[in-house]
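Colleague: Hi! Could you walk me through a few spots in this model?
Modeller: Sure, happy to. Let's pull it up.

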Amino acid sequence: MRQIAIIGSGPSGFYAAEAALKAFGEDVAVDILDRLPTPYGLIRAGVAPDHQSIKAVSRRYEAVAKDPRVRFIGNVEVGRDIALAELLGFYDDVVLAVGAPEDRRLGIPGEDLPGVFGSGAFVGWYNGHPDFAGLAPPLDRPGVAVIGNGNVAIDCARVLAKTTGELAGSDIAAHALAALERSAVRDVHILGRRGPYQASFTLKEVGELGELARATPVVRPEDLPDPAGDATLETGQRRVVEVLRRFAAAGPDPAKPVRIHFAFFHRPSRILGSERVEGIEVALTRVDEAGNAIDTGETRIIPCGLVIAAIGYRSLPLEGAAFDARGGRFANDDGRIAERLWCVGWAKRGPSGTIGTNRPDGFAVIERIRAEGAPPAGRPGRAGLLAVLAERRVRPSSFADWEAIDRAEVAAARPGAPREKIVDIEALRALCGASV
Ligand code: NAP
């Protein structure tokens, strides 16, 4: 019996689990550990609350979790409740599927002022992640700067710009909905240090900004390169640029009171303010032949009361696993960190790709594990882990506990919404009664 521990119950963890079931058939036990009693990682806490169709993939993960060969073990933090080295003593293989939970830093003056947040924190806030429920981002000024030209920047801008009516059918946390109801935000600036050709938005995400009830996209025609160059772009990027051209040609809708400004060629250089954020200073740029941003020498100040840096994420190091500090992920050779220690997903490749990218990634790593051959018999597996946790008075939660939480959240949903998330960790734990 191959005994595998997967650390992290987000998409990369569940695809690795699914792959392990396929690869080892009946001869496997897969334990999926999570520090929270709620599974699904970024599906629950990262994917935007108004993108419910993407969240539906959790049904597939649920089927994996309910397979008799699989056990979800929540409420257990590896590195605190149990060491990685101990897990390697219990299990034949340990797979880190811990994602990249830490926001990358901007490295500019003013970054630590109140009102500056990484997108991980801001997204965690509106998605009801227990770590960020108390964030209280200031929404009392008209201006907001969202730094970055990726889909996370668009998610943040869209959530800030939507009406509470547009968000009513989402599973946005109640505290965020209430704060947005009172929001004074009118100008959301999405700052890209390079231009439209270099933006990493995808088509659907950009297109949605043209369909909002009270918000209108603003693209300056002069920021768009000569259309002749569009032919050199790959299809996805070309379509994104076509949407931006459409926005520029149409101009902002004057009937809509909220504007989402695409501020291309804007490299943030300083965040301004003394007690809190008052504005952001940017260096204006041009892009050279090699695609690098070059400062033009001009600067601009954008007044804003909130700055969200949506510039990527890093994994958190874990004692006992080699870490690539520069890349912000585990040092690995195609998923292998060390003997019997593996990584998948963002922990392996850094924060890129869609949810679906994790599937082939997880299958490939499990295939490598299979190729290692059968492990020696005798490791205690789950029983060893549970005995040590009991000694330490750590109370793991089960998938049945999660189902109780799920039922409570669904029962408490606002009319038209799928669920009302419970955001307090103690309240979540209080619903955990069953044992693993
Ligand atoms: P991303 O796509 O890598 O975008 C990061 C952005 O931050 C880039 O525009 C980058 O600019 C910019 N940046 C990095 N450092 C910066 C700095 N110091 N100053 C200014 N700008 C800086 O990452 P993401 O938006 O965090 O998304 C992560 C992954 O999740 C992506 O693969 C994304 O597509 C995916 N995702 C998908 C969806 C969806 O499908 N709906 C939603 C959310 C996220 P440069 O290009 O100049 O480096």
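Colleague: Which residues of H6 are buried?
Modeller: Ser119, Gly120, Ala121, Phe122, Val123, Gly124, Trp125 and Tyr126 are the buried ones in H6; buried means under 20% relative accessible area, exposed over 50% and partly exposed in between, with a 1.4 Å probe and protein chains only. That is eight of eight residues, so the helix, 119-126, is mostly covered. Helices (H or I, at least four residues) and strands (E, at least two) are DSSP runs, numbered from the N terminus. Keep in mind that this is a predicted model: local features need pLDDT of at least 70 and side-chain atom pairs pLDDT 80 or more, while totals for chains, interfaces and linings use all residues. Residues are numbered from 1 along each chain as its sequence is written, and side-chain values use heavy atoms, leaving out hydrogens and water.

Colleague: What comes just after H6?
Modeller: Gly128, with a positive phi of about 75°. Further along, Asp140 sits in the loop between H6 and strand E7 (143-147).

Colleague: Is Asp140 buried or exposed?
Modeller: In between: Asp140 is partly exposed, because its relative accessible area is 46%.

Colleague: And what is Asp140 in contact with, leaving aside neighbours within four places in sequence?
Modeller: Ala184 and Arg276, where contact means heavy atoms within 4.5 Å. The side chains of Asp140 and Arg276 also make a polar contact of 2.8 Å. A polar contact is a pair of N or O atoms within 3.5 Å; within protein, one must be able to donate a hydrogen and the other to accept it, and residues adjacent in sequence count only if both atoms are side-chain atoms. Val185 is 45 residues away along the chain from Asp140, yet their C-alpha atoms are separated by 6.8 Å.

Colleague: Switching to another Asp: where does Asp171 lie?
Modeller: In the loop between helix H8 (164-167) and helix H9 (174-181). Asp171 is buried, because its relative accessible area is 3%.

Colleague: Which side chain joins Asp171 in a polar contact?
Modeller: That of Gln52, at 3.0 Å. Leaving aside neighbours within four places in sequence, Asp171 is in contact with Pro49, Gln52, Lys55, Pro418, Arg419 and Lys421.

Colleague: Last one: how do H1 and H4 cross?
Modeller: The axes of H1 (residues 11-24) and H4 (residues 58-65) come within 10 Å and cross at roughly 50°. Axes are lines fitted to C-alpha atoms, for helices over the stretch in contact, and angles run from 0 to 180 degrees between N-to-C directions. The contact is made by Pro11, Phe14, Tyr15, Ala17, Glu18 and Leu21 of H1 and Arg60, Tyr61, Val64 and Ala65 of H4.
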